[in-house]
Amino acid sequence: MKIVSYLVCFYFVFSLPGWSMWKSLLSDDDETLASFAKICAIGPDIEKDDINPHVEYSSNAPSHCRVTIGANLSGYCSNPGCKINGKYVYMQVGKEEYLVRNFQYCVPHKCPECKADVEVRDWGFSRCAFKVLGRKTQGTKVERPWRRADDHYYKISMDDLGPAEYETVKVLYLGPKDTFPNEDDL
Ligand SMILES: [Zn+2]
């Protein structure tokens with residue numbers, strides 16, 4: 001009888017419900033790390049496919065809607081003192097290899113008008129071919145096929161895909177008209 005009780009207890013601790021109960025009893029530091037990650041690296045969930053990614057270019061866009069070749073981030077400026085407070089702004093990045101590293105955006109995401117930090121909602125690409133690879137905070141690896149941003153801006157939207165938390169987001173770039181590499185050769 002004793003052995004049976006021991007086994008039941010062992011099963012309880014290491015089975016999934018038991019383990020998550022033990023995990024919930026772990027120190028506050030783990031909780032802090034989890035919320036830190038949550039605040040710092042939220043973006044669109046690239047495990048899903050884009051619904052309507054193409055945005056028309058406009059030659060008379062206001063200065064807070066200008067994009068650059070390669071990657072751009074976007075979101076709403078929430079600084080009450082900014083003259084475009086509440087407006088959707090684009091933040092130019094360029095052909096950076098990493099958007100997110102160690103749970104944090106490692107590229108600037110400041111309002112182009114007031115320079116206050118903007119919470120990133122969407123990612124977008126201009127005049128390039130690109131491939132996005134990501135690792136979520138839960139460890140899931142996501143690898144998308146090559147996409148092209150040539151005649152249109154290519155927007156990966158949180159409204160369409162929902163949010164996800166990232167540990168790493170890496171991007172490979174090519175020219176807008178380059179042939180996609182054979183994935184087997186990589
Ligand atoms: Zn602003």
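**View 1. The largest nonpolar core of this predicted model holds 30 residues.** A nonpolar core here is a set of buried Ala, Val, Leu, Ile, Met, Phe, Trp, Tyr and Cys residues joined through C-beta atoms within 7 Å. A residue is buried if 20 or more other C-beta atoms lie within 10 Å of its own, exposed if 12 or fewer, and partly exposed in between, with C-beta atoms placed from the backbone. Leu99 and Phe130 have the most contacts inside the core. At least two core residues come from each of strand 3, strand 4, strand 5 (98-101), strand 7 (122-126), strand 8 (128-136), strand 11 (153-156) and strand 12 (163-174). As a backdrop, buried residues make up 21% of the 186 residues in the protein. This is a predicted model, where local features need pLDDT of at least 70 and side-chain atom pairs count only at pLDDT 80 or more, while totals for chains, interfaces and linings use all residues. Residues are numbered from 1 along each chain as its sequence is written.

**View 2. Here we zoom in on Leu99 and its contacts.** Setting aside residues up to four places away in sequence, Leu99 touches Ala71, Tyr105, Val107, Trp123, Val169 and Val171. Two residues are in contact if their C-beta atoms, placed from the backbone, lie within 7 Å. Across the protein, 73% of contacts between residues at least 6 apart in sequence join residues at least 24 apart.

**View 3. Five strands make an open antiparallel sheet in the order 2-11-7-3-4.** Strand 2 (54-55) and strand 4 (88-94) sit at the edges with a single partner strand each, so one side of each has no neighbour in the sheet. Strands (E, at least two residues) and helices (H or I, at least four) are DSSP runs numbered from the N terminus, and two strands pair if DSSP finds at least two bridges between them. The whole protein has four helices and twelve strands.

**View 4. Strand 3 (residues 70-76) is followed here with its partner, strand 4.** The two pair in the antiparallel sense over six bridges. Ala71 has Gly94 of strand 4 as its bridge partner, and Tyr76 has Tyr88. Strand 3 also pairs with strand 7, again antiparallel, over five bridges; there, Ser74 is matched with Asp122.

**View 5. Two loop residues, neither of them glycine, have positive phi.** Lys115, with phi of about 70°, is in the loop between strand 6 (104-105) and strand 7. Lys115 counts as exposed because it has 12 C-beta neighbours inside 10 Å. Arg127, whose phi is near 45°, is in the loop between strand 7 and strand 8. With 18 other C-beta atoms within 10 Å, Arg127 is partly exposed.
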